[in-house]
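Please open the model in your viewer and keep the sequence panel beside it. The stops below each give a selection to make and then say what is there.

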Amino acid sequence: MSILTAQNIQACYKTSRASKDIKKVLANVNLNLQSGEFVCLCGPNGSGKSTLLSILAGLSSINMQYSGSILLDDKDVRGLKAFERAKNISYMQQSETSTWDFSVFDYVLQGRFVHSQGGHYNKADEDVVSSVLEQLKLQDFAGRTLHTLSGGEFQKVRIARALAQEPVFMLLDEPAANLDYVYEPHLMDFLKKLAHQKNIGILISVHDINLAKAYADKVMLLPPQKNVLVGAPSDIMTLENLKITFGVEFQCQKIECFQSLQ
């Protein structure tokens, strides 16, 4: 079993490149993501969800500084070469555009770059892409080009590229964004089964707390200026914890309205 660990992560941003003002985003964040585990990260806008995911992936930006440790098993993620990180961790950022109008197949094939010989792909790489497209029911999209896709279709293709990387851990920033409500539970169900069956540790940020509670093995709440809450959905997603996290009163109603996934 592999573990991706965050220890005492604190992060802040300069409000602008020229400014000396600092905005604190994360404080004393601790998290253990195990292989085979499906975890949902929830919190209001600006609570640091995207920041945490990028830090776990070993990335940073000019205006962002952070302290603490990110360990892949017993190795410091910041000390790993980019190729070694990419073989273990796939990261899908919140939004993306492509200047080049790649075919869907070639775009997903890019996820195999870290396993290729300098970008020279073989039949095994192509077989992985075909399998991933089939798993996500995107096989009919293989010959289409990116600029012909809707926002939701492109989102599914981006998920396919992350999956084609065949990582130990997947970090997905709002993978359900732009997807219609019919597909969202299918995606959550697929990711949970993927984590369990392929022994991949998957951490995703998600805005729909009902989906998080229904599908996650664990939920992580990021309350502003408060300690992070991590645990089983039934333990963490209480009305009191949700109020602390989002700053509004919640009501709980039992309504069975999820579409059948059979």
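Begin by selecting glutamate 184 together with its surroundings: leaving aside residues up to four places away in sequence, glutamate 184 touches Ala176, Leu179, Asp208 and Leu211, where contact means heavy atoms within 4.5 Å. Glutamate 184 belongs to helix H6 (residues 183-198); helices (H or I, at least four residues) and strands (E, at least two) are DSSP runs, numbered from the N terminus. This is a predicted model, in which local features need pLDDT of at least 70 and side-chain atom pairs count only at pLDDT 80 or more, while totals for chains, interfaces and linings use all residues. Residues are numbered from 1 along each chain as its sequence is written, and side-chain values use heavy atoms, with hydrogens and water left out.

Which side chain of opposite charge is nearest to glutamate 184? It is lysine 156, 11 Å away, and glutamate 184 is buried yet has no salt bridge. Here Lys and Arg count as positive and Asp and Glu as negative, with His and the chain ends not counted; buried means under 20% relative accessible area, exposed over 50% and partly exposed in between (1.4 Å probe, protein chains only); and a salt bridge is a side-chain nitrogen of Lys or Arg within 4 Å of a carboxyl oxygen of Asp or Glu.

Next, select strand E3 (residues 38-42), where five of five residues are buried. Phe38, Cys40 and Cys42 point one way from E3, whereas Val39 and Leu41 point the other way. Now add the neighbouring strands, bearing in mind that two strands pair if DSSP finds at least two bridges between them. E3 runs parallel to strand E8 (residues 201-205), joined by four bridges, and cysteine 40 stands opposite isoleucine 204 there. Four bridges also join E3 to strand E9 (residues 218-221), again parallel, with valine 219 as the partner of cysteine 40 and methionine 220 as the partner of leucine 41. From E9, go on to strand E10 (residues 229-231), which pairs with E9 in the antiparallel sense over three bridges; methionine 220 stands opposite valine 230 in this pairing.

Keep E9 in view and select glutamate 37 and lysine 218, whose side chains meet in a salt bridge (3.2 Å, N to O). Because glutamate 37 lies in the loop between E2 and E3 and lysine 218 in strand E9, the pair ties together parts that are 181 residues apart in sequence. Glutamate 37 is buried, with a relative accessible area of 9%, whereas lysine 218 is partly exposed at 27%.

Then select helix H4 (residues 123-135), whose 13 residues reach 18 Å from first C-alpha to last, close to the 18 Å expected at 1.5 Å a residue; the expected span is 1.5 Å times one less than the number of residues. The buried residues of H4 are Asp125, Val128, Val129, Val132 and Leu133. They cover an arc of only 130 degrees around the axis, which puts them on the same side of H4, the arc being that of the directions from the helix axis to the C-beta atoms. Lys123 and Glu134, on the other side of H4, are exposed. Show helix H3 (104-109) and helix H5 (151-164) as well, since what covers the buried residues of H4 includes both.

Finally, select aspartate 125 with arginine 112: they form a salt bridge, the closest N and O atoms being 3.0 Å apart, and both residues are buried.
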